[in-house]
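Please look over the sequence and the structure shown here, and then follow the paragraphs below, which go from the surface to the interior and end with the question of confidence.

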Amino acid sequence: IYTLSLHDALPILVISVTVAEFGTYTPKFYGYNRYGVLINPDLKDVTLSCPETMGTISGNTFMATSTVGGTLTASYKGSNTVHIAVRVVPASSISMSPNPFILDKRSDYTLQIMAQNGSEEMPMSPSAFEWSVEDAGICQVTNGVVKALMNGETNITARRQGISATVQVKVQTPASACIIDDYMKVEEITKIGRASCREKCRSRW
């Protein structure tokens, strides 16, 4: 995460960052008083803006929707301003994480995509990719969000402009929930097995 400061006694600052095409960048802001003393390590209410030709902004996250670089402008209360020079580079390859991963039907999971360009690694928006599932009966994917459908194993692939990455997913949905109370230690659960664990839980209720 790149960091920058907004300081009412400083002239305009210029910071430069590199992002991948369809990559995302979320700056972190620090607040200083007029004497240069840090008073807020996580400054809120900062407004981020950019030309439409560069990309889009959601909250304080910028997404580069083209290869056109440019300048992001961060302003605080309309007076303090910081300019962020953005260079956009193509991704030579991508990777997804975690890989492999286990999922159940109780919650969805958003895959993380990282772009590689030389030695640099940069986050990319899952919405920029085409998604496919080897066995669509096991899970489905929408903009990188994986939803489990039934138990089993399959592969998920993300593709864009000749680059792709694949992750393995295993859906394992337990037949019933088991609440671990304070009386039950993890090593005891390992020894007694899951079936006995369920019986112990039932006896507590």
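In this predicted model, Y35, V37 and I39 together make a nonpolar patch of about 370 Å² on the surface. One of these residues, Y35, is found in the loop that runs between β4 (28–32) and β5 (38–40), and because its relative accessibility is 70%, where over 50% is the cut-off for exposed, Y35 counts as exposed. For the chain as a whole, the exposed area comes to about 12,100 Å², of which carbon and sulfur atoms supply 50%.

The patch belongs to a chain whose secondary structure consists of one helix and 20 strands. Of the 205 residues of this chain, 34% count as buried. When contacts with a separation of 6 or more are considered, 52% of them are accounted for by residues that are 24 or more positions apart in the chain.

From the surface we can turn to the interior. In soluble globular proteins, nonpolar side chains tend to be buried together. Here the largest nonpolar core has 29 residues, and M124, W131 and I156 are those with the most contacts inside it. Strand β20, which covers residues 163–171, gives the most to this core, contributing five residues. Another core lies apart from it and has 18 residues, including L43, A64, L72 and Y76.

A loop can also hold a buried residue, and S125 serves as the example: S125 lies in the loop between β15 (120–124) and β16 (130–133). Is S125 buried or exposed? Its relative accessibility is 9%, and since buried means under 20%, S125 counts as buried. If its neighbours within four places in sequence are left aside, S125 is in contact with F22, T24 and M63.

It remains to ask how much confidence the predictor attaches to each part. The mean pLDDT of the chain is 81, and 79% of its residues reach 70 or more. Within the chain, confidence is highest in β16, at a mean of 96, and lowest in strand β1 (residues 3–7), where the mean is 45. The pLDDT is below 50 over residues 1–12, although in the model this stretch has 43 contacts beyond near neighbours in sequence. Towards the other end, residues 200–205 also have a pLDDT that stays under 50, and for them the model has 10 contacts beyond four places in sequence.

Definitions and conventions. Residues are numbered from 1 along each chain as its sequence is written. This is a predicted model: local features need pLDDT of at least 70, side-chain atom pairs count only at pLDDT 80 or more; totals for chains, interfaces and linings use all residues. Side-chain values use heavy atoms; hydrogens and water are left out. Patches are made of residues with over 30% relative accessible area and no salt bridge: like charges are joined within 9 Å, nonpolar side chains (Val, Leu, Ile, Met, Phe, Trp, Tyr) within 5 Å. Accessible areas come from the Shrake-Rupley method with a 1.4 Å probe; for residues, only the protein chains shown count as cover. A salt bridge is a side-chain nitrogen of Lys or Arg within 4 Å of a carboxyl oxygen of Asp or Glu. Helices (H or I, at least four residues) and strands (E, at least two) are DSSP runs, numbered from the N terminus. Buried means under 20% relative accessible area, exposed over 50%, partly exposed in between (1.4 Å probe, protein chains only). Contact means heavy atoms within 4.5 Å. A nonpolar core is a set of buried Ala, Val, Leu, Ile, Met, Phe, Trp, Tyr and Cys residues joined through side-chain atoms within 4.5 Å. pLDDT is the predictor's confidence in each residue, from 0 to 100.
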